Amino acid sequence: TLRALYTCAGLVYQQRPELVLCNGPGTCLPIAAMVFVYRVLGIMPHTTTTVFVESFCRVQTLSLTGKAMYWMADLFIVHWEELQQKYPSTILSSQFVAEKKNR
């Protein structure tokens, strides 16, 4: 909403994060959008990295948030080859959590 964008505008400008890590919910959009806008306007240098991790359950299509973040994120991570083939700018993460090795 506009209120969230307004609140995030001040927060992002004041904090100047180095990393914005987002996953599925649309609640990440206002923060990522303000980082994007500040970059375009030249207010914030390109030192902030925006990473979006698409939900594991999205096999064939991106979520609504993913469709918006595809254009704003510096790194866009998917978990399925089908999605990576449809969206070539993505990074395939076939294993997100490392297996525990027995000693």
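# Reading a predicted model, feature by feature

Colleague: Let's start with S63. Leaving aside its neighbours within four places in sequence, which residues is S63 in contact with?

Modeller: With those neighbours set aside, S63 touches F52, E54 and R58. Keep in mind that this is a predicted model.

Colleague: And where in the fold does S63 lie?

Modeller: Look in the loop between β2 (49-53) and α3 (64-69).

Colleague: Is S63 buried or exposed?

Modeller: The cut-off for buried is under 20% relative accessible area. S63 comes out at 12%, so it counts as buried. Its side chain also has a partner: one of its polar atoms sits 3.0 Å from the backbone nitrogen of G66.

Colleague: Next, helices. How do I check the length of one, say α2?

Modeller: Count 1.5 Å a residue, using one less than the number of residues. Helix α2 (residues 29-41) has 13 residues, so it should span 18 Å, and its end C-alpha atoms are indeed 18 Å apart. You can do the check again on α1 (2-15): its 14 residues reach 20 Å from first C-alpha to last, close to the 20 Å expected.

Colleague: What comes just after each helix?

Modeller: After α2 comes G42, with a positive phi of about 80°. After α1 comes R16, where phi is also positive, near 45°.

Colleague: Which residues of α2 are buried?

Modeller: First the general idea: an α-helix has 3.6 residues a turn, so residues three or four places apart point the same way. In α2, the buried ones are P30, A32, A33, M34, V35, Y38 and R39.

Colleague: What do they pack against?

Modeller: The buried residues of α2 pack against α1, β1 (19-23), β2 and α3. Over in α1, the residues C8, A9 and V12 are buried, and their cover includes α2.

Colleague: R39 is on that buried list. What does R39 form with D74?

Modeller: The general idea is that side chains of opposite charge can pair when their charged atoms come close. Here R39 and D74 make a salt bridge, with their closest N and O atoms 2.7 Å apart. R39 lies in helix α2 and D74 in the loop between α3 and β3 (75-78), so the pair ties together parts that are 35 residues apart in sequence.

Colleague: How many salt bridges does a search of the whole structure find?

Modeller: Just one. As for its two ends, R39 has 12% relative accessibility and counts as buried, while D74, at 39%, counts as partly exposed.

Colleague: Now the outside. Which residues form the nonpolar patch on the surface?

Modeller: The patch is made of Y13, F36, V37, V40, L41 and I43, which together have about 550 Å² of accessible area. Helix α2 gives the largest share, four residues. Take L41, which lies in that helix: its relative accessibility is 58%, so it counts as exposed.

Colleague: One more. How do I spot residues that are far along the chain yet brought together in space?

Modeller: Set the gap in sequence beside the C-alpha distance. V53 and V78 are 25 residues apart in sequence, and their C-alpha atoms are 6.3 Å apart in space. V53 belongs to strand β2.

Colleague: Is V53 buried or exposed?

Modeller: Buried, with a relative accessible area of 12%.

Methods:
Residues are numbered from 1 along each chain as its sequence is written. This is a predicted model: local features need pLDDT of at least 70, side-chain atom pairs count only at pLDDT 80 or more; totals for chains, interfaces and linings use all residues. Side-chain values use heavy atoms; hydrogens and water are left out. Helices (H or I, at least four residues) and strands (E, at least two) are DSSP runs, numbered from the N terminus. Buried means under 20% relative accessible area, exposed over 50%, partly exposed in between (1.4 Å probe, protein chains only). A polar contact is a pair of N or O atoms within 3.5 Å; within protein, one must be able to donate a hydrogen and the other to accept it, and residues adjacent in sequence count only if both atoms are side-chain atoms. Contact means heavy atoms within 4.5 Å. Patches are made of residues with over 30% relative accessible area and no salt bridge: like charges are joined within 9 Å, nonpolar side chains (Val, Leu, Ile, Met, Phe, Trp, Tyr) within 5 Å. Accessible areas come from the Shrake-Rupley method with a 1.4 Å probe; for residues, only the protein chains shown count as cover. A salt bridge is a side-chain nitrogen of Lys or Arg within 4 Å of a carboxyl oxygen of Asp or Glu.
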